[in-house]
Amino acid sequence: MIPSSPDKDFPYWLVLLAGIGAYFFWQVLANELYAEVLSKLSAGIRITVFVTLVAFSMASALGLLLAVMTRSRFIVVRQIARFYIEVVRGVPIIVLLLYVAFVFAPLGVAAVNWALTGLGLDPIRPRDVTLLWRATFALTIAYSAFIAEVFRAGLQSVDPGQIEAAEALGLSRWQIFRHVVFPQAFRVILPPLGNDFVAMVKDSSLVSVLGVTDITQLGKVIAAGNFRYFETYNVVALLYLTMTVSLSLALRRLEEHLRRKDAR
């Protein structure tokens with residue numbers, strides 16, 4: 001008997017998870033305490049979504065640039081990219097978060113003020129760069145190194161013969177990248193890139209270390225005020241779980257759609 005493919009298994013785990021989620025959502029709607037906690041966490045949802053979308057977009061752009069740099073013809077460019085990737089990947093995200101917030105940001109403000117003073121303009125204050133943006137930049141730096149490796153693997157998966165054929169047709173390097181390399185690499189990088197996006201949603205909770213009022217930070221404040229830690233963190237966990245599972249299912253559907261499209 002030939003075993004069935006794991007990809008075709010009925011998602012019993014999803015049914016179980018949906019049942020548990022429905023129960024907790026019913027509790028949120030029926031229980032006054034749960035409903036109060038959810039209403040207070042609503043502002044944190046907006047911050048979490050903002051940090052995730054902005055940081056991931058900037059990290060993807062920077063990661064793609066770093067991946068292209070690692071494939072440069074110039075050794076200096078390749079070494080700069082590798083230095084950045086290895087150093088950033090070797091530092092814990094929470095340490096990088098604190099470093100960017102309290103070291104890089106003040107240094108950056110000082111450098112900008114030096115330039116503004118030279119132009120005869122008014123300097124800016126360090127507090128003008130809010131903790132929200134410092135945290136967003138820190139997550140951008142941290143994830144750009146991991147995303148760069150995802151892009152690099154995708155770019156290397158393209159058959160060199162196709163690139164040579166495109167060059168023989170007289171296409172420019174930009175045209176080769178846009179029309180030949182990236183479309184094929186995208187199908188390879190989509191699953192790991194999607195995993196990084198889901199991980200970014202969870203790691204955005206680290207911004208609470210700086211006091212940014214995301215879901216986690218508001219959860220801590222609410223629990224410290226009502227001393228109902230179980231109920232409060234149930235809602236916090238439910239919100240994160242809803243976002244991450246929904247994203248995972250959407251990304252899986254997208255992968256299946258692209259797979260069926262390629263099979264045609």
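A search of the whole structure, which is a predicted model, turns up 10 aromatic pairs. One of these joins phenylalanine 177 to phenylalanine 182, with 5.7 Å from ring centre to ring centre and 40 degrees between the planes, a tilted arrangement. Phenylalanine 182 is partly exposed, at a relative accessible area of 27%. Both phenylalanines also belong to one aromatic cluster, made up of Trp174, Phe177, Phe182 and Phe186.

A second pair looks quite unlike a tilted one. Tyrosine 229 and tyrosine 233 have ring centres 6.4 Å apart and planes at 15 degrees, so this pair is stacked; the cut-off for stacking is under 30 degrees. The two tyrosines sit four residues apart in helix α9 (residues 229–263), which is about one turn of the helix. Tyrosine 229 has a relative accessible area of 42% and is therefore partly exposed. Tyrosine 233, at 35%, likewise counts as partly exposed.

Stepping back to the fold as a whole, the secondary structure comes to nine helices and zero strands. Read from the N terminus, the order of elements is simply α-α-α-α-α-α-α-α-α. The C-alpha atoms fill a box of roughly 75 × 70 × 30 Å along the principal axes. Of the 264 residues in the protein, 36% are buried. As for contacts between residues at least 6 apart in sequence, 77% of them join residues at least 24 apart.

Just ahead of α9 comes helix α8, covering residues 215–226. Its 12 residues reach 16 Å from the first C-alpha to the last, close to the 16 Å expected at 1.5 Å a residue. Buried positions in α8 are Ile215, Thr216, Gln217, Leu218, Gly219, Ile222 and Ala223. Glutamine 217, found in this helix, has a relative accessible area of 15%. That value falls under the 20% limit, so glutamine 217 counts as buried. Leaving aside residues up to four places away in sequence, glutamine 217 touches Ser208, Gly211 and Val212.

The residue that follows α8 is phenylalanine 227, placed in the loop between α8 and α9. What is the sign of phi at phenylalanine 227? Phi is positive there, about 60 degrees, although the residue is not a glycine. Most residues other than glycine have a negative phi. In contrast to the buried glutamine 217, phenylalanine 227 is exposed, with a relative accessible area of 62%.

Toward the N terminus, attention turns to helix α1 (residues 12–30) and helix α2 (residues 32–70), whose axes come within 5 Å and cross at roughly 95 degrees. That angle makes α1 roughly perpendicular to α2. On the α1 side, the contact is made by Gln27, Val28 and Ala30. The residues of α2 that take part are Glu32, Tyr34, Ala35 and Leu38. Sorted by class, this contact between α1 and α2 has five nonpolar residues, one polar and one charged.

Elsewhere in α1 lies alanine 22, which is partly exposed at a relative accessible area of 46%. In sequence, alanine 22 and valine 235 are 213 residues apart, yet their C-alpha atoms are 12 Å apart in space.

A shorter-range case involves valine 129, whose place is in the loop between α4 (93–118) and α5 (131–156). This valine counts as partly exposed, at 24% relative accessibility. Valine 129 and valine 109 are 20 residues apart along the chain and 8.2 Å apart in space, C-alpha to C-alpha. Not counting residues up to four places away in sequence, valine 129 touches Val109 and Arg134.

Notes: Residues are numbered from 1 along each chain as its sequence is written. This is a predicted model: local features need pLDDT of at least 70, side-chain atom pairs count only at pLDDT 80 or more; totals for chains, interfaces and linings use all residues. Side-chain values use heavy atoms; hydrogens and water are left out. The expected span of a helix is 1.5 Å times one less than its number of residues. Buried means under 20% relative accessible area, exposed over 50%, partly exposed in between (1.4 Å probe, protein chains only). Axes are lines fitted to C-alpha atoms, for helices over the stretch in contact, and angles run from 0 to 180 degrees between N-to-C directions. Angles under 35 degrees count as roughly parallel, over 145 as roughly antiparallel, 65 to 115 as roughly perpendicular and the rest as oblique. Contact means heavy atoms within 4.5 Å. Ala, Val, Leu, Ile, Met, Phe, Trp, Tyr, Cys and Pro count as nonpolar, Asp, Glu, Lys and Arg as charged, and the others, Gly among them, as polar. Rings of Phe, Tyr and Trp (its six-membered ring) pair if their centres lie within 6.5 Å; planes under 30 degrees apart count as stacked, over 60 as edge-to-face and the rest as tilted.
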